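User: Hi, I'm new to this structure. Could you show me how to read some of its features?

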Amino acid sequence: MPSKAKTGKKLVIVESPAKSKTIAKYLGEGFIVEASIGHIRDLPQPSELPAELKKTSVGKFAVDIENGFKPYYVVSPDKKKKVAELKAQLKDADALYLATDGDREGEAIAWHLLEVLKPKVPVYRMTFGEITKEAIHRAMDNLRDVDTALVDAQETRRVLDRLYGYEISPVLWRKVARGLSAGRVQSVVTRMVVDRERERMAFKAASYWDLTGQFGAGTGSFKAKLASVDGAKVASGRDFNDDGELTSRNAAHLNEELATSLAAALQDADFRVRSVDTKPYTRRPAAPFTTSTLQQEAGRKLRFSSKSTMQVAQRLYENGYITYMRTDSSALSNEAVTAARRQASELYGPEYIPQSPRVYSGKAANAQEAHEAIRPAGDSFRTPAQVAKQLSGDEFRLYELIWKRTVASQMADAKGSTATIRLGAVASDGRDAEFSASGTVITFPGFLAAYEEGKDESRGDDESDEARRLPNVAKDDSLTATDLVAVGHETSPPPRYTEASLTAELEKKGIGRPSTYASTISTIQDRGYVRKQGSALVPSWIAFSVIRLLEQHFTDYVDYEFTADMEGDLDKIANGQTVGSAWLKHFYYGEDSDPGLLSIVNNLGEIDAREINSVPIAEGITLRVGKFGPYLESSIPTVDPKTGEVVESARANVPEDLAPDELTASKAVELMETAAPEERVLGADPHTGHTVVAKNGRYGAYVTEIIPEMTDEQLANQPVEYYKNGKPKPAKKPVKAKPRTGSLFSSMSVDTITLDEALQLMSLPRVLGEDAEGNVITVQNGRFGPYLKKGTDSRSIGSEEEIFTITLEQALEIYSQPKQRGARAAVPPLAEFGPDPVSEKNIVVKEGRFGPYITDGVTNITVPRTTSLEELTRERAVELLAEKRAKGPVKRTSTARKAPARKAAAKK
């Protein structure tokens, strides 16, 4: 068979359309650059497996657990067309270049492309850390094969997560609530947030006092704080533990009385300088950004969430403005070091760069130094001013942050001096009081001229001494004291995690990969385990239940060290030191005395769901995590003050915005005492005989009827159905009647509503009559207030009370008027994703009549119901628009009826 004629075309495949467009500019003629738009295949849901596989060793996880944990991959339905397009392009190509990202995920995408496309032409693996002309040309000079060890590590991680989630999540469904999920990293991150809240709940504040004063010398005045009394250091916040106990034996613990009396006794004292100590001050710049430190700093300085940071960084990378944004390395290439030093010298002067380049290395546990640090792209950097007009607001702010950090990392140290003045006096009651003041003066800003790193909230009460210049004084100089006051303090609990501080702690512990922190933190919020209160991360009560179950029955799988060790094992697989299938076998089946996940799941024993979902709050009061949310339950019988009835177990709802550490014993008692009655019997419906009750529900007060269960006698008297052969069919379980319900008006309460009012509410919607065309008009109460309804035409009415008084004539009068639609103000988009790689118009998400939709002003596509706005990424938005464009305009099918099939002629 003759060989295929050479075409001169070379097919290059990357992940995203934006990346393909940028790369195409640098490769020139002869290269066709296409995007796979992420992974083209993955593990299917077990329910989607072919019938012949469902009862095999593949059926439970879509992974063959009896044959080397081999995954069963399928091409995603939404990628079949893309695969067909790539195959068609490959037919006309002389070579295939797989140019996906150089990390494990990118390597796996390249391998899957190789497996599915089955190319018959030479294949080259091409990687680059930035999308610039120089980087692309360097990559073409350093082609390689697909790294199977990296692929093995990614595949092992994917299978591991499937085993973990599919074995443990069902336990949560049975014992906590349906729809919950467990994850190898997400559960551990949730535990960190819960553990911090537990620390805050157990925390006991300690009170302590000190003195401050303003002291004057001939050359100026300064503020100083009491440091010691009679030679003993004055206790400060850091001298107490979380139980409120003083831990420093020799510290002087001042209370209000001691501090106030000392301040009074020092009013006329003779203060003198006892010592002046001056030390040189040196501060080094922070290392260039890694994925983790970029997320932390963008959170502190720009108030970006981790997810937003990564989305913006992805756009900057794909459009050639920064280097690859998923990296654990803080190292810079020689070209980048030269560029940073040259720019610092040009902008700030040659004295602002050190004699030799700075070299940085990673400090994080399990760091993967595969990539360079995140920095501006190119062998020479563009200043923020040079790119301002090409970037959106968020893109510009993040680029500026990266540029400043990179340039500052190669600048000289900041220099200065720190002075400490100690001064004192003997009080009129004989006590010796010594005060202290410190200040740092920067004499040469060095890197601070370009950038200063932000800080997270920390515990302690010391004020910053930086940038405070103290007067020039000498030992024994006399000082005048003014504003000598006693100041009270309380120790503070450990601060809640923010996204920035949680990211820093995850990196420190070596849990997960920095490239996945953003999605993990987003996931635990989407799952309802954690919510944001300002910038703080607050766990939900359901998170407490989940973590308690996992700690008691899956101890290792939420252990910090165990999880970090798993990351280390995955690194060994990536380095070719371990084989993934063998590691997975040990993880799932165990070995000798080390039980695997399967053994632990099969030997769980009895789990007390009530105990798992209970948290003691005060004596006799327990918080329960129920089907409809958390509530308090009292085990102490109480007497209803209005009815005089003894209530065995009173309940009270817990406000949704009340953080767990704010639910103290006193708060619990208050909620129990002020709780509206959970249920109040109003009487019997005279027509049905059913009992009518008013209740306080999770979403407000309502009335309902109680439909009694059928008695055994009634069930026995049910009519019997028979099969054709005369045998009786098994008795059917009677369909439970749905009770009538009705929400209380805003003017009503459970305490005051009457039976007649309840019956009225349960009778809604109320039929007013018909219009001239026979359309039925009803009136009812809705989410946005009372309204009339005629077919699909709804009209608001004035008040809830009008529901029972409005007449058909009044309704017809309202419908005779044109429907009023207030002029709507311009609504800002729900999300923005920058320019589309095809249309070059900005992609935004807007609220539409049928829900949120994505548009670039030309093409519109509804956001899939399976994707929340929080989960929607730029890549997914670009992909959905591309798919909609590829389908073309919707073809309207004819509604003409088919002609009836012609009957066959009767046989003769």
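Analyst: Sure, let's start with burial: buried means under 20% relative accessible area, exposed over 50%, and partly exposed in between (1.4 Å probe, protein chains only). Here Y208 is buried, at 3%, and F240 is buried too, at 9%. By the way, this is a predicted model, where local features need pLDDT of at least 70, side-chain atom pairs count only at pLDDT 80 or more, and totals for chains, interfaces and linings use all residues. Residues are numbered from 1 along each chain as its sequence is written, and side-chain values use heavy atoms, leaving out hydrogens and water.

User: How many aromatic pairs does a search of the whole structure find?

Analyst: A pair of aromatic rings is described by the distance of the centres and the angle of the planes. Rings of Phe, Tyr and Trp (its six-membered ring) pair if their centres lie within 6.5 Å; planes under 30 degrees apart are stacked, over 60 edge-to-face, the rest tilted. The whole structure has 24 such pairs. In one of them, Y208 and F240 are stacked, 5.7 Å centre to centre with 25° between the planes. They sit 32 residues apart, Y208 in strand β9 (residues 207-217) and F240 in the loop between β11 (232-233) and α8 (256-265). Helices (H or I, at least four residues) and strands (E, at least two) are DSSP runs, numbered from the N terminus.

User: Why is the pair of Y557 and F562 edge-to-face?

Analyst: Because their planes are at 80°, with the centres 5.5 Å apart. Y557 is buried at 3%, whereas F562 is partly exposed at 25%. Both belong to one aromatic cluster with Y164, F554, W583 and F587.
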